[in-house]
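Here are some short exercises to work through with the model open beside you. Try each task first, then follow the solution step by step.

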Amino acid sequence: MSDSSASIQGPRRGKRRGPGLAPYFFVGPFAVAFTVFLLSPLLVAVWSSLFTVKRSGLGFGGTKTSVFIGMGNYQAALQNKQFMSGFGRVLLFGVVQVPLMLGLALLFALLIDSTLVRFKRVAQIVLFIPYAVPAVIAALLWGFLYQPGVSPIVKGLRTIGLDVNFLAPDSVLWSTANITTWCYVGVNMVMIYSALQAIPQDIYEAARIDGASEARIAWSIKIPMIMPTLIVTLFLSIIGTIQLFNEPTVLRTVTSNVSSEFTPLMSIVNTAFAQKNQNLGSAMSVIVALVAFILSAVINLAQRKWEEKS
Amino acid sequence: MNTNYGKIAKVSIALASATAMLLVSGCGSSAAGGNDDSSSSSPVKLTFSGWVPHIEDAVDLWNEENPDIQVEFKRIANDAMKNYSSQIEAGVASDILQVSGDALVDLVIEQQVQDISKYVNDKSSLFTESDWQSGVFGDGVYGVPQDSCPTALMYRKDIFEQYGVSVPKTWDEYLDAARKLHSANPDVYITAFTPNEASLFIQDFYQEGGTLYDVDGDTWKVMLDSGASQTVADRYQTLIDEGLVKIVDMWTPDFWSAVNDGTIASFNYQAWFPVLIEENAPDLSGKWAVTQSPSDSGNGPSSNVGGGLNTIPVTSKHPEEASEFITWLNSDEKALDILIEKGGLFPAAKAGLENETLNKTSDYWGGQAPGAEFVKAAKNAVKGSTGPQVDAGFTALKDGFAKVANKQDTMGNVVTKAADAMRKAASDKGLSVK
């Protein structure tokens, strides 16, 4: 049959019509934007991190030359105690805050998804609203709630005999963690909840027939099935933690216990803009990017291993 | 599959022209202030960035009287000074920038501001000598001084009278007064220790004859950790150790509520502070007075940490007109009236020292003229010299003060570390520092 149809049609006309240039038009704008706004600045930063500026005399009207110093800026950055301790601080912050926040988000998502909670939509909206508040406003808000002179929380606790200082040197990091958690629990919850919706309902029916409780269903069925989403939220939260900047900077206006180089990004802003040393700032930025990259790679590897196991 | 090449062609032409339009409009809107028109019919347009309160009124006055040179004022926060360097590099900085004396040094070293000596050299006599010098670097003049910051002691007359403490004239008397006040009432402190303000320390350091920098041939010499600083550091350490000062960050709601409820009895601070007390503690009207700062001898000198200047970046195309404007702004009688009355500035111009508004009496200050005390202080004030990367030193001081407030470090150590931070920042910039 096919032979006869081919002979009736005759030889094929022209060459095969492929997709042509259309894909380039679609990818083009993204490629241009990616190159201009992401790739080029990255390359400029790496290039700039290899140089430093040497001046003559007092610097007035003298010569200003760019000198290649290879790893010199990186050495200086790694020897900068405050920069390094900033890393220590955000890593400590991450180890505590990220599991706590994601744990809460998971718990809320599971609760809303289960049959135990009514008013699912209202609950979701209420939990999501903090994310809609701009980060700086949220930090200012909490900044007022932390200040002893004006905070209803502090005053209320004082009436029951508890003297709390949210802005003490030991507690200010955790006060910052509180702000971050408050802001981002909602959006993580929504992501996890959406993933939960994709699980087919008949799996639950089968499990219930087998006699599984809601908690057991949550633990053994739901969580494993949304593991990819959980990995994504972990990913995003860790990158966000390395880049912690907004909340400490705003809290710095209400307490001196947040130093000028509290987090790595605050160090970079201080170096690049206050001290106007852009070469050193570029080197510090590359280091931060590398740390984020390494952590992401570690998570990726862990995810692969987990997938291989199951 | 039918690929309609005609459709693709139309879409790509549309896209290309849209992109072209965006690019062209983008180029057009990024022009820095000022136009290249050399014809006499259209006015020269200048832009001016600053943060002095109500300075718009002075700018409006100039615009009325000078139709051929029109100035547009852009209000910024004083933190935005950090952006000046990037703005100048990008070519989008205003023609005139308000800048602090310390920040100006870095801009001159970066070669980002213009030498305007050929336009303003003959105007130096209009300004106080030391204020004029804050704009002079090497052989050039890089800014016209706007204001100055002499120090005086602002105190709660009623509190001192209530506890029978006499107003101190020497630093020894000050310590005694602090002890007396605090033992009479543990909720009252002679002053506040504000870790987030470095200039309180710097003003006392200058008063003892200290300076941030000395110049040794071609090398900058950091002097922040020299002898004078240890005297001041010891004094602060004593006040803190004996619990004689209220530890609170300045400009926070906590700070003003401490001022308002009488926890803080005095401030040895700068000429622009009275206006802020009036604004933030209106209920305390009539209870404050001003006198000369305490000093080692009892007869002065007081100190002057230096104020701000107006400078012109290298990107400005109208330095002559801009120089004319900033000279007028900072020395003309009518402009000074506005800067003093509404801006709360202590003027750098000699004419300003005689200004009526500056020297008028005030009910808030119990019928006294606070400005007159600052004028008296300014005539017998000492000032240290500035240099590169002062911001790094001040930031390190502030970080250190926070540690001192938490008993994690001592003032002496903090000052040494801050001096080292300044040395490092300056040498990281490629300068020769010791």
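**Exercise 1. Find the loop that holds Pro301(B), then inspect the peptide bond before this residue.**

Step 1. Pro301(B) lies in the loop between β13 (288-291) and β14 (302-303) of chain B. Helices (H or I, at least four residues) and strands (E, at least two) are DSSP runs, numbered from the N terminus.

Step 2. Gly300(B) and Pro301(B) are joined by a cis peptide bond, with omega at about 0°.

A note on conventions: this is a predicted model, in which local features need pLDDT of at least 70 and side-chain atom pairs count only at pLDDT 80 or more, while totals for chains, interfaces and linings use all residues. Residues are numbered from 1 along each chain as its sequence is written, chains are lettered from A and ligands numbered from 1 in the order in which they are written, and side-chain values use heavy atoms, leaving out hydrogens and water.

**Exercise 2. Place β13(B) in its sheet.**

Step 1. The open sheet has three strands in the order β12-β7-β13 (chain B), with antiparallel pairing. Two strands pair if DSSP finds at least two bridges between them.

Step 2. β12 (266-270) and β13 of chain B are the edge strands, each pairing on one side only. From one strand to the next, the twist averages 25°.

Step 3. Strand β7 (residues 151-156) of chain B is joined to β13(B) by four bridges; Met154(B) has Val290(B) as its bridge partner in β13(B).

Step 4. Now add helix α12 (residues 273-280) of chain B, which packs on this sheet and touches β7, β12 and β13 of chain B. Contact means heavy atoms within 4.5 Å.

**Exercise 3. Which strands stand at the edges of the five-stranded sheet of chain B, and why is one side of each left without a neighbour?**

Step 1. Write down the order: β2-β1-β3-β15-β6 (chain B), an open sheet with mixed pairing.

Step 2. β2 (69-75) and β6 (144-145) of chain B are at the edges; each has a single partner strand, so one side of each lacks a neighbour in the sheet.

Step 3. Strand β1 (residues 44-50) of chain B runs parallel to β2(B), and seven bridges join the two. Val44(B), for instance, is opposite Ile69(B).

Step 4. Helix α2 (residues 55-65) of chain B packs on the sheet, touching β1 and β2 of chain B. In the loop between β1 and α2 of chain B sits His54(B), which has a positive phi of about 60° although it is not a glycine.

**Exercise 4. Which residue forms a salt bridge with Glu65(B)?**

Step 1. Apply the rule: a side-chain nitrogen of Lys or Arg within 4 Å of a carboxyl oxygen of Asp or Glu.

Step 2. The partner is Lys334(B), with the closest N and O atoms 2.9 Å apart.

Step 3. Glu65(B) is in helix α2 and Lys334(B) in helix α14 (residues 333-341) of chain B, so to speak distant parts of the chain, 269 residues apart.

**Exercise 5. Describe how chain A meets chain B.**

Step 1. In contact are 38 residues of chain A and 42 residues of chain B.

Step 2. Two salt bridges are counted between chain A and chain B. Asp399(B) pairs in this way with Arg252(A), their closest N and O atoms being 3.7 Å apart.

Step 3. Among the elements on the side of chain A that touches chain B, β1(A) gives the most, with four residues.

Conventions. Axes fitted to C-alpha atoms, helices over the stretch in contact; angles between N-to-C directions.
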